[in-house]
Amino acid sequence: MGRNTRKRRTPLATKAIAASAALALGGGGLIWANFYASAHESNNQTWGGNQTKAATAQVATISCPDVGQKLTNVPYRARQGVATELANLDKQITEAYNRLASTRQAQTNDPSFVQNAIVGPLKNKRAATIDRIRIDIQRVGGRFNSSLSQLAACTTQAANQTTAGGWQQGGNGQQNNGGQQNNGGQQQGGQQNNGGQQQGGQQQGSNGGQGGDGPAAADFVDITKVAPNVQGRPRQLQNASTGTFTTRCGVNANQNHNSDNVIVAPGVTNGAHHVHDYVGNQKVNAFSSNQTFLQGGTSCQNRNDLSAYYWPVIREQDGTQEKDAGADGGGKDLNVGKILVAQQAQIKYVGSPASKVAAMPQFLRIITGDAKAFVNGPANANAHWSCTGFENKVQLTDKYPICPQGSNVVRLFAFQSCWDGVNIDSANHRTHVAFADPASGVCPNGFKAIPQLTMRLVYNVPQPVVQADGTVKNAYAVDGFPEELHKPITDHDDFISVTTGGLANKIANCINRGQNCQ
């Protein structure tokens, strides 16, 4: 979601550097991951067949400041207009990225082409859009931070570096993980070096369905070769809430998909630029409202659970032309390949190790993780990838796991579990909720503990194979914004709490009593 000012990273003592503790799920409760990893890939890069590999290019993607994260105080009456303009900024980046991907020859012939024909015009469009945001805010009496106008300019990222947050990583495909403390107190994992960034969407023959924009060989790791990194939960205090509440909502077998995001881009079709799976509430799109949520029906067995649970789909890069190959969010946004349906989608609410929990407020919205973490930096990243049989030992933030035979890919999410007690959303969709302190489980001052939503998604995917020439056979990737290059660190999850029949109170009471309910 946003580019935050980040604390100083730990010194780079070795090539494999400790990533800071990251909130994860496993063993029926909360666990904490501290992982070490490194990766390397050859610079001899090609495409072919149902294989994916990094392609050498001077410029791989476009990095633009995340304006939305800086808008922390937008008057309610201006939020719809501002959301529309923020979606326009995303659309402009996508268009610029696609132009970057389709003009490689011109870039080769003219070193100034990218700046003059892509980045410069993009800055002008963004400046005009940011000014419209200013007008929307000031029109209703709000205050606009004039420094936001300085966020119009974008930069480019080369194929072997990223400068998100001002941190440039080492070359030769070596991953450097560093710690990051977010404003909720939870520390997040590091960001990989992109020695394997792609050619940004340029089509080079058959490459398993991808248009050259990812994933790369450096994005995969054999999970059996990663050192255990999962640590134990915080010690439970006397007032801990130890119960759980499980809701069974299916796996989206009916293929309820769209590329909207009603939280971030209400009223904007294709506001996400990638496709979501939806379970729970069955009427979630860009034009949904609190009233339509109450009328939406649910896929959950508990008919009082009308909450919306949605996440970006995973696709198998096998050359399959999915039904959305020519549609927004799908092929038009460089999300291609066969959409995989989760074999299991386990949704569970858990308690706090430090206190009792308050019931979730009706229509509370929470986004965990950052769909733009690759260019924003890892400050808000909360991706956790693993394999069945390894979840309590190894969890990955910036790698897709290669699981051994008989083991399936797992995506784990643990949402923010502290609420400010007032707001069901915030202008940047983050500051009204927070993570508990990773060591104690205590919420920040001014926040109260609520049931923590945790999710476990299990997928049966063909085993990726990194071959001797650096290509990856049977690659898979999460949907995302094109300029994010399908990096695993961009995985995220969305939630809107909608309940009837007193269910919110029942969930909190069950957890506070230490019971396991459903």
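Buried means under 20% relative accessible area. That cut-off serves the exercises below, which use a predicted model.

**Exercise 1. Which residues of α7 are buried, and what do they pack against?**

Solution.
- Step 1. Locate the helix: α7 covers residues 503-512.
- Step 2. Apply the cut-off. Of the 10 residues in α7, 7 are buried, and the helix is mostly covered.
- Step 3. Name them: L503, A504, I507, A508, C510, I511 and N512.
- Step 4. Recall the helix geometry. An α-helix has 3.6 residues a turn, so residues three or four places apart point the same way.
- Step 5. Find the partners. The buried residues of α7 pack against β10 (244-247), β16 (344-350) and β29 (516-517).
- Step 6. Look past the helix. G514 follows α7 and has a positive phi, near 80°.

**Exercise 2. Which residues touch the most other members of the largest nonpolar core, and which helix gives the largest share?**

Solution.
- Step 1. Start from the background: in soluble globular proteins, nonpolar side chains tend to be buried together.
- Step 2. Take the largest nonpolar core, with 59 residues. Y309, Y349, W385, M455 and Y459 touch the most other members.
- Step 3. Assign the share. Helix α7 supplies the largest one, 5 residues.
- Step 4. Set apart the second core. This separate group has 20 residues, including A96, I118, V375 and L485.

**Exercise 3. What is the strand order of the open sheet of 5 strands, and which strands stand at the edges?**

Solution.
- Step 1. Read the order: β11-β12-β13-β28-β17, with antiparallel pairing.
- Step 2. Find the edges. β11 (257-258) and β17 (365-369) each have a single partner strand, so one side of each lacks a neighbour in the sheet.
- Step 3. Check one pair. β11 and β12 (residues 276-280) run antiparallel and are joined by 2 bridges.
- Step 4. Pin down a bridge: N258 is partnered by H276 in β12.

**Exercise 4. Where do H273 and H486 lie, and are they buried or exposed?**

Solution.
- Step 1. Place H273 in the loop between β11 and β12.
- Step 2. Check its backbone. H273 is not a glycine, yet its phi is positive, about 60°.
- Step 3. Apply the cut-off. H273 has a relative accessible area of 6%, so it is buried.
- Step 4. Place H486 in the loop between β27 (476-478) and β28 (492-496).
- Step 5. Check the backbone again. H486 is not a glycine either, and its phi is positive at about 55°.
- Step 6. Apply the cut-off once more. With a relative accessible area of 3%, H486 is buried.

Key:
Residues numbered from 1 in each chain as written. Predicted model: local features only at pLDDT ≥ 70, side-chain atom pairs only at ≥ 80, totals over all residues. Heavy atoms only, no water. Pairing = 2+ DSSP bridges. Helix = DSSP H or I, 4+ residues; strand = E, 2+ residues; numbered from the N terminus. Core = buried A, V, L, I, M, F, W, Y, C linked by side-chain atoms within 4.5 Å. Buried < 20%, exposed > 50% of the residue type's maximum accessible area, 1.4 Å probe, protein only. Contact = heavy atoms within 4.5 Å.
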